[in-house]
Amino acid sequence: MSRPNLTRYTRWDGTQLLDPLSADDLMRAMSDELMRDGDLMNALRRLFWEGVERPDGERMAGLRELMNRLRQERQSQLNRYDLGSVLDDIRERLEDVIETERSGIQRRLDQTNDPAGEKSPDDAAQEDSSNGNSGGAEATEGNDFDPEALRAMLERMASRRKEELDNLPSDPAGAIRGLQNYDFMDQEARQKFQELVASLQQQVMQQTFQGMQQALSEMTPEQIAETRQMMQELNEMLEAKARGEDPQFEQFMHKWGHMFGPDVTSLEDLIERMRQQTAAMQQLMDSMDPGQREQLQGMMQAIMQDPGLQQEMARLQQNLGSIMRPEDMRRPHSFSGDDPLTLQEAMRMMDRLQDYDNLEEQLRDVRDWSDFANLDGDKIEELLGEEYREQMDQLGRLAQMLEDAGYVRRTRGGFELTPQGVRKIGEKALADIFSQLNRDRIGQHEFNRSGGAGERIDVSKPYEFGDPFLLDLEATVMNAVQREGAGTPLRLDPRDFEVYRTEYITRSSTVLMIDMSRSMFYSDSFTSAKRIALALDSLIRSKYPRDSLDIIGFSYMAEELKPADLPTLSWNEFQYGTNMQHGFQLARQLLNRQKGTNRQIIMITDGEPTAHIENGHVFFHWPPMPTTFQQT
């Protein structure tokens, strides 16, 4: 037994995919714009800029909305975080180091005062030696163990250490310098401080050399010397390039390539990466208030303990500064949130904000859908999410979707509508006009007659002589059963026969005259006239294919128009006058070509005739003269 198909509904979380935008949605969205000015390329660009709203209410964002979304995302980061907390995190870690050292000093004193916790002279000397102290030898000289002397010595040492801790500067840079020369008594505090300095060194170095594969934390003296040598040769390479000499990049990468990522394939790549990171660090500094900036700069100088490394870092900053571009000097950010940031998180935040700025700059350079191919889709998804990447991909395929559907074709000057595209816009115009009838009752149109040769309908009637013999077999048999009753054989009588009714069909020839004078444009009636013409063309093509429709545009003179010209039709600003006479003459010529007996002219205008043809020339006069009315 098969289980029935079940439909499950879940809360929307943004990951559910909707049906992609179709070419029909695009044609519906741009039809109104195309009606207004008749320029297909302008309609496509406006669609690209403003976006598309589908009939189901879902919306595909345009370029304007994507740029606004990008600015909102960037501003939300600024409204969330407190940049001043960068130093607060470092202060807290320094306070933890100092408090751990104070607790360790007190613990040493407590152990000395506690007989059960007293250590042997050898243990005390070994512990002091491991902490870098030399006082243990003094207390155990000659292997004479004097608990009182040991206790007095520890108290003197503890007093000196506490005094040094009390006199540490309050700013992080000064505290780091002071602790670098401080002789820790507690091993845990020493380790915490070493980890803090190593972490800060790693963050600062990696900010300059992003992608460096070698771990910069806990660098040995040999590794520091190697890094110093690498930076010296890097500076020499940059200075050689500035002098116009061969920088010998290949030799540099052969020797130091293991310290950089695989993406660095040229000196330009390396310079660009370091320039971006330098700009981000400078932007971080500029976004702080002067006091915070000074403390951070001092702290960064304090953690670079090696004088040679400090010198090469300063030299590198000078070399990078000489090749910085004006656009690298980015405006500072104004943070207004409360969430804390560490230095490492702040540097990552600057990188992210820089990505926002770069993407916004790229979007500002986008002219149309073809430029989207140059954008980084992965970066768009990272900054805005998968949904917006899909929408940007759809924007990039906008023209291709219409071309694949057969609605537009590519020309040397851009794109133009195909006959299929014209019909699609006509269907939209027809739907717009008849949408006003949705609330009316069904069946208001009356048929004056039925039963002539034409299309069969589903209503039957008793057969009469002369009717088309479209037999309704079921109704005919039931009439015989009702007359004779059940049983076989069943005998049919002429009175039993029923035939289907037919709809009376006739042909109609129509000429639609559209006023293209200036007043139609100024009164905003020209767009409505185009919509009516497209709707009528669509109606006749789909519902009455045997009918004919000709279209005439008239102003100073009249001319025949093709249905394919309607969407891009525009008024002629260089001609004036409303020459209905010439329009009627041309309409009669077109109707005379048709063989049907039903012929009609429909004219759309907003005024009265102001021009007519006289002696082979157009005569215009405003206000209109009686002669113009008579000739018309």
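**Helix faces, cores and a crossing**

Mentor: In this predicted model, helix H2 (residues 40-50) has Leu40, Met41, Ala43, Leu44, Leu47 and Phe48 as its buried residues.

Trainee: What makes these buried residues of H2 line one face of the helix?

Mentor: Viewed down the H2 axis, they fall within an arc of 165°, so they line one face. An α-helix has 3.6 residues a turn, so residues three or four places apart point the same way.

Trainee: What comes just after H2?

Mentor: Gly51, with a positive phi of about 95°.

Trainee: Which residues touch the most other members of the largest nonpolar core?

Mentor: Leu44, Leu179, Leu284 and Leu402 do, out of 101 residues in that core. Helix H15 (residues 343-364) gives the largest share, nine residues.

Trainee: What does Leu402 touch, leaving out residues up to four places away in sequence?

Mentor: Ala23, Leu26, Met27, Met30, Leu44, Tyr407 and Val408. There is also a second, separate core of 20 residues, including Met230, Met237, Phe260 and Met313.

Trainee: Why are H16 and H17 called oblique to each other?

Mentor: Helix H16 (residues 377-384) and helix H17 (residues 386-396) pack at an angle of about 140°. Roughly antiparallel needs over 145 degrees, and roughly perpendicular runs from 65 to 115. The angle of about 140° fits neither range, and H16 and H17 are therefore oblique.

Trainee: Which residues meet where H16 and H17 pack, and how far apart are the axes?

Mentor: Gly377, Asp378, Ile380, Glu381 and Leu384 in H16 meet Glu386, Tyr388, Arg389 and Met392 in H17. The axes are 7 Å apart, and the crossing is right-handed.

Technical notes:
Residues are numbered from 1 along each chain as its sequence is written. This is a predicted model: local features need pLDDT of at least 70, side-chain atom pairs count only at pLDDT 80 or more; totals for chains, interfaces and linings use all residues. Side-chain values use heavy atoms; hydrogens and water are left out. Buried means under 20% relative accessible area, exposed over 50%, partly exposed in between (1.4 Å probe, protein chains only). Helices (H or I, at least four residues) and strands (E, at least two) are DSSP runs, numbered from the N terminus. The arc is that of the directions from the helix axis to the C-beta atoms. A nonpolar core is a set of buried Ala, Val, Leu, Ile, Met, Phe, Trp, Tyr and Cys residues joined through side-chain atoms within 4.5 Å. Contact means heavy atoms within 4.5 Å. Axes are lines fitted to C-alpha atoms, for helices over the stretch in contact, and angles run from 0 to 180 degrees between N-to-C directions. Angles under 35 degrees count as roughly parallel, over 145 as roughly antiparallel, 65 to 115 as roughly perpendicular and the rest as oblique. A crossing is left-handed if the near helix is turned anticlockwise from the far one by less than a right angle, and right-handed if clockwise.
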